[in-house]
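The following exercises are to be worked through with the sequence and the structure at hand. Each task is followed by a solution in steps.

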Amino acid sequence: MTVSDVVLKTEHLGISFGGLKAVEDVNLEVKKQQLYGLVGPNGAGKTTIFNMITGVYTPTTGKIFLEGEPLVGHTQEQINHMGVARTFQNIRLFNNMSVIRNVLVGLHYDERFKCSMIESMLRLPRHAHSEAAMRERAKEILRIFDLEDERNNLACNLPYGKQRKLEIARALATNPKLLLLDEPAAGMNPQETADLMTIVKRIRDEFGLTVLLIEHDMKFVSGLCDELTVLNFGTVLVQGDTDKCLNDPEVIKAYIGTTQEG
Amino acid sequence: MGKEKKRNAFRIKDYTSYFITIVIFAYGLIMQMTGHLKRSDSTLLVQIAYGIILAVSLNLVVGFLGELSLGHAGFMCIGAYLGGYIAVQLSGVIANKFIVLLLSMLIGGLLAAAAGLLVGLPALRLKGDYLAIVTLAFGEIIRTIFKNLNVFGAAMGMHTNTIKYDGGGKTSLYIVTFCVVLVMLFLCNNLIRSKHGRAIIAIRDNEIAAKAMGINVTFYKLFIFVFSAFFAGVAGVIYAHNITPVMYSAFSFNYSIEILVMVVLGGMASVNGSIVAATALTLINALLQKNLSGDLASFRYLVYALILIILVIFNNAPVFAPIQQKISPRAIIARARAKKSKPGDIPDEPTDWRKVPTKIKMDELLSTDLQQDKTFEPDKPEKSGKGGE
Ligand SMILES: Nc1ncnc2c1ncn2[C@@H]1O[C@H](COP(=O)(O)OP(=O)(O)OP(=O)(O)O)[C@@H](O)[C@H]1O
Ligand SMILES: [Mg+2]
């Protein structure tokens, strides 16, 4: 395995809030086109790791690399442009916009649909071209998620499961190398969860994506991920092959010890 | 493909704002041409025009961007004083009044925009309602500065007699001003209905998500703020051509609030609403001024305030919702469209941007998913971590 195969790498990643260590010494290595899982009981620090990768929080210790480029120190916007897109644990759609517009916002910085502010304001020809092309692209993306027919509804009027899918669609529109999914199946029924698994695999293959995902649904995790990192109280419990991790006595203890579900 | 064509086709909705403006303009012009207006009334016509400029430009910041600005009159003040001053100087060199007007509008607008940049750069990068506080202070400071500068006539105000449009000339000022309004509407409408406008509305809707989607939040906030300041400056220059002397007292906090009232009354993020509200409020104000003079002058603000309260209640109280449903143009169009469309059709996109979300939502307060409160800032990186390795 060469270095360039590693898309995301964290070294001794840690963060503390007011002296309290939320995440400590986490080393991840996610390879190209891998579906990598981040699991652990509530409050283990999974979302916090996402927030550090995407630049919301600056890590107190350690480093993060995307294809060898350091991420720490860049703004959230820059990190997105470098190729990291995410979804949120509590859905954060543009609620008062239609479904297709949500995706169009994701396409904003796509090189193919460039159109400067001046061109837009003066309605120069490029505006109409880029707008029409963007819409086509947005529809293509929505089609993958089976949301094309909903495209003109307000995002907030979608049922929960579709909102989660729309969030992934919007993230995908930013053309990422690495996609971070924070509990994508939460609140979905078994049928929707199964569909989502197919979709995640499909976009991984079609877009050459690398996916790092947080999920409590162990069926979802074992069905998708080939490698896991299990966290507990901010530290790594076990790391490696999915089956091995899930059968690890430490992991079972951590889950039964702290939560009922799982 | 057929559907795409339909999207690009002529839609009346996209042109309502120009239509309303032209109707208002034409009505005023006809009244004046036919001699129904007194001399003082033609000053009023120009007032309506720059009222529209002020309201629409403030709506960009408050309605579309979702940031509260309380210093719009301050930017207008800069335009009025500096643009007016430049116009006075230019009028000595350039004989053509029209060119003087255009040049001074451009320069006055740019100077106001520069002030917007200075104010917005620090204020818009902070989270929270700092912009409101900073713009409030800015408006008062600017006014005080001009009050104390002798070049601008200090407390006596700046006289702009040499550039003032009088008598028949007023009509040409009126026409020019309305052309400026139309140009501004063209630029604003196009901006709002482009990918850039979408980014701006996305920021208003959910700033955290907009950042995660790579939208350059600071740039867009700053741009809209500066763009809006530019037009406030232009309105100020027009003011200086309309009224003399330019008095610092005209650009008080009260006036900023008056513009804000136009925006709120016309509806957040509604360009058409701002146009109508600016026209109506300017007219009401002028009528009250005319009819309640002398002993009754003290009632003016009372009646004005009462009218505002009634309008706001009518706009918002649920009791009036059925009546509103009957007379609101939006509702009428929606009903007409519902009748026309077949059941199988995918309805056209909703474009109601009036629902401005409040900045703080409950789930944001309750979850650890993402908290941006200052007290939750992570600890500073250790020094050793930053060094070599
Ligand atoms: N901004 C913050 N300020 C203070 N503490 C925080 C902050 N963000 C996270 N934490 C703490 O860090 C710990 C990890 O939180 P995190 O949200 O990452 O958990 P999680 O693994 O995503 O849990 P869940 O499964 O419930 O989503 C929690 O104890 C939380 O209280
Ligand atoms: Mg979480």
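The expected span of a helix is 1.5 Å times one less than its number of residues. The model examined here is a predicted one.

**Exercise 1. Compare the length of helix α5 of chain B with its expected span.**

Solution. Step 1: helix α5 of chain B runs over residues 97–123 and holds 27 residues. Step 2: at 1.5 Å a residue, a span of 39 Å is expected. Step 3: the end C-alpha atoms of this helix are 38 Å apart, which agrees with the expectation. Step 4: at the start of α5(B), a side-chain oxygen of Asn96(B) comes to within 2.9 Å of the backbone nitrogen of Phe98(B).

**Exercise 2. Repeat the comparison for helix α5 of chain A, and state which of its residues are buried.**

Solution. Step 1: this helix covers residues 125–144, which are 20 residues, and should span 28 Å. Step 2: the C-alpha atoms at its ends are 30 Å apart, in agreement with that value. Step 3: a residue counts as buried under 20% relative accessible area. Buried residues of α5(A) include His127(A), Glu131(A), Met134(A), Arg135(A), Ala138(A) and Leu142(A). Step 4: in general, an α-helix has 3.6 residues a turn, so residues three or four places apart point the same way. Step 5: after α5(A) comes Asp146(A), which has a positive phi near 60°.

**Exercise 3. Describe the surroundings of ligand 1.**

Solution. Step 1: ligand 1 has 16 residues around it, and the nearest are Gly43(A), Thr47(A), Thr48(A), Tyr57(A) and Gln89(A). Step 2: the site is shared between chains, because residues from chains A and B surround the ligand. Step 3: by kind, the shell consists of five nonpolar, nine polar and two charged residues. Step 4: helix α1 of chain A, residues 46–53, contributes the most to this shell, namely three residues.

Step 5 concerns the polar atoms. An oxygen atom of ligand 1 lies 3.2 Å from a backbone N or O atom of Ala44(A). In the side chain of Lys46(A), an N or O atom is 2.8 Å from an oxygen atom of the ligand. The side chain of Tyr57(A) has an N or O atom 2.8 Å from a nitrogen atom of the ligand. Step 6: on its own, ligand 1 has 640 Å² of accessible area, of which the protein covers 82%.

**Exercise 4. Which protein atoms are donors of the magnesium ion, ligand 2, and which parts of chain A does the pair tie together?**

Solution. Step 1: the protein donors are OG1 of Thr47(A) and OE1 of Gln89(A), at 1.9 to 2.0 Å from the ion. Step 2: Thr47(A) belongs to helix α1, whereas Gln89(A) belongs to the loop between β6 (84–86) and α3 (99–106), so the pair ties together parts 42 residues apart in sequence. Step 3: Thr47(A) is buried, at 10% relative accessibility. Gln89(A), at 27%, is partly exposed.

**Exercise 5. Locate two residues that have a positive phi without being glycine, and decide whether each is buried or exposed.**

Solution. Step 1: Phe233(A) has a phi of about 45° and is placed in the loop between β9 (227–232) and β10 (235–241) of chain A. Step 2: the relative accessibility of Phe233(A) is 64%, and exposed means over 50%, so Phe233(A) counts as exposed. Step 3: Ala269(B) has a phi of about 60° and is found in the loop between α11 and α12 (271–291) of chain B. Step 4: Ala269(B) counts as buried, at 7% relative accessibility.

**Exercise 6. Where in chain B is Pro245(B), and what is the form of the peptide bond that leads to it from Thr244(B)?**

Solution. Step 1: Pro245(B) is in the loop between α10 (217–242) and α11 (253–266). Step 2: the bond from Thr244(B) to Pro245(B) is cis, its omega being near -5°.

**Exercise 7. Set the separation along the chain beside the separation in space for Tyr255(A) and Asn42(A).**

Solution. Step 1: Tyr255(A) is part of helix α10 of chain A, residues 249–258, and is buried at 9% relative accessibility. Step 2: Tyr255(A) and Asn42(A) are 213 residues apart along the chain. Step 3: their C-alpha atoms are separated by 9.3 Å.

Methods: Residues numbered from 1 in each chain as written. Chains lettered and ligands numbered in written order. Predicted model: local features only at pLDDT ≥ 70, side-chain atom pairs only at ≥ 80, totals over all residues. Heavy atoms only, no water. Helix = DSSP H or I, 4+ residues; strand = E, 2+ residues; numbered from the N terminus. Polar contact = N/O pair within 3.5 Å; in protein donor to acceptor, adjacent residues only side chain to side chain. Near = heavy atom within 4 Å. Areas by Shrake-Rupley, 256 points an atom, 1.4 Å probe, with all protein chains shown as cover. Nonpolar A, V, L, I, M, F, W, Y, C, P; charged D, E, K, R; others polar. Donors = N, O, S within 2.8 Å, 3.2 Å for Na, K, Ca; no water. Buried < 20%, exposed > 50% of the residue type's maximum accessible area, 1.4 Å probe, protein only.
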